[in-house]
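Grab a viewer and work through these exercises with the model open. Each one has a task and then a solution in steps.

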Amino acid sequence: MNIENIKYKFTKLYRLINLQFQNIRLSLFYKKKKNLLFENIVKQNREYLNSFDYFLSYENYLNNDYGIQERIYKDLNKPIKNYPTYSDLICFFYINHFTNKFNYLEIGCSVLKNVLQIKNFVNNSNIVSYDINEINPDLKDKYFEKINDNNLVYFKGDVLKKEDYTNFKNDLNHKFNFIFSDALHEPHAVYSEFENIYKDILDDEFIIYYDDLDFPGLKDTVREIKERLSESYEPLNFYTFKVYGWIGQYEALHLNGILTNLDIEKSLLEKDIKIYNFKKIH
Ligand SMILES: C[S@@+](CC[C@H](N)C(=O)[O-])C[C@H]1O[C@@H](n2cnc3c(N)ncnc32)[C@H](O)[C@@H]1O
């Protein structure tokens, strides 16, 4: 066995041990925290995910990887445990704040795994997905299938390309109260989304939800966005917490964050919901 091989095996083992420890910590954290509303959301989302044979066929994956590394692709269809993912949390915020009208924009929707759970959960909502790729051919029909009176739009565009985000905004006829930022996890790209895509199209009350804030520089970028938005919205809160991402327990918890002018601490408290590592960032 050569040195590279040994290194690879050690890294893999370290990752697996780490995942197991994280799982134990999570099960201890959520053990005594019973919440029926949240349990129902998780149950509905897991049942829905289990109804898919696959999210992207291997043949199509070889043509276009939709930002999915091989390691992630092999776990994309596996069942996820009942600990919260970002999809569950988005559904929770919908129920608590946006049932009147949900105007949801997902920037970076990849194979549509998250956005389809949202579409399945919500009613009478506008759901818009923005991604650099053509829509996933395996789930295109499912995406546009009419259910729950939801209105679906897919926009193919690059968050860094002026022509794309200008066309995107020119085609819009409403604002958004929920933005899920999950495209290119680099500071200049996350800032560009804010500056060029959603800064001017936020509803009076909104949540901006960020994935992967543990990527280099992203937490500081969101701090900067908060500073800018605070000029127009007061009070504006920034929270971070840890939840599972699109492949659940098969990868480490993601550091996620929220910028909002809504009192989400109150809704979490009222519903007695605790989220692992939930912190208010000052
Ligand atoms: C992490 S995946 C999104 C996962 C998805 N939100 C989910 O949970 O199911 C990131 C997506 O952003 C896309 N992306 C990367 N760079 C982009 C850019 N410059 N503009 C738009 N989309 C981009 C990737 O191709 C990929 O489809």
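How do the residues of the lining of the largest pocket divide into nonpolar, polar and charged?

**Exercise 1: the largest pocket.** Work out the class split, then add volume and location.

*Solution.* Keep in mind that this is a predicted model.
- Step 1: sort the lining by class, and you get 15 nonpolar, nine polar and 11 charged residues.
- Step 2: find the middle of the pocket; of its 35 lining residues, Gly 67, Asp 182, Ala 183, His 185 and Asp 212 lie nearest the centre.
- Step 3: take the volume, about 770 Å³.
- Step 4: ask which elements contribute; α4 (70-73), α6 and β2 each supply at least two lining residues.

**Exercise 2: the ligand.** Find the residues around the ligand and list some of its polar contacts.

*Solution.*
- Step 1: count the neighbours; 19 residues surround the ligand, and the closest are Tyr 86, Glu 106, Gly 108, Asp 131 and Asp 182.
- Step 2: start the contacts with Glu 106, which puts a polar side-chain atom 2.8 Å from a ligand nitrogen.
- Step 3: switch to backbone atoms; a polar one of Ile 132 is 3.2 Å from a nitrogen of the ligand, while a polar one of Ser 110 sits 3.5 Å from a ligand oxygen.
- Step 4: check the cover; on its own the ligand has 610 Å² of accessible area, and the protein covers 90% of that.

**Exercise 3: the second largest pocket.** Describe its volume, its lining and its main contributor.

*Solution.*
- Step 1: the volume comes to about 350 Å³.
- Step 2: 16 residues line this pocket, with Tyr 30, Lys 33, Phe 38, Glu 39 and Asn 82 closest to its centre.
- Step 3: α1 (3-31) and α2 (36-50) each give at least two residues, and α2 gives the most, with five.
- Step 4: by class, the lining has six nonpolar, two polar and eight charged residues.

**Exercise 4: the sheet.** Give the strand order and explain which strands end up at the edges.

*Solution.*
- Step 1: trace the eight strands of this open, mixed sheet as β3-β2-β1-β4-β5-β7-β6-β8.
- Step 2: look at the ends; β3 (151-156) and β8 (279-280) each have a single partner strand, so one side of each has no neighbour in the sheet.
- Step 3: zoom in on one pair; β1 (103-107) and β2 (126-131) run parallel, joined by five bridges.
- Step 4: pick out one of the bridges; Ile 107 has Tyr 130 of β2 as its bridge partner.

Conventions:
Residues numbered from 1 in each chain as written. Predicted model: local features only at pLDDT ≥ 70, side-chain atom pairs only at ≥ 80, totals over all residues. Heavy atoms only, no water. Pairing = 2+ DSSP bridges. Helix = DSSP H or I, 4+ residues; strand = E, 2+ residues; numbered from the N terminus. Near = heavy atom within 4 Å. Polar contact = N/O pair within 3.5 Å; in protein donor to acceptor, adjacent residues only side chain to side chain. Areas by Shrake-Rupley, 256 points an atom, 1.4 Å probe, with all protein chains shown as cover. 1 Å grid on protein atoms, 1.4 Å probe; cavity = no way out; pocket = protein on both sides within 12 Å on 5 of 7 lines; lining within 4 Å. Points joined across faces, edges and corners; volume = space filled by probe spheres on them. Nonpolar A, V, L, I, M, F, W, Y, C, P; charged D, E, K, R; others polar.
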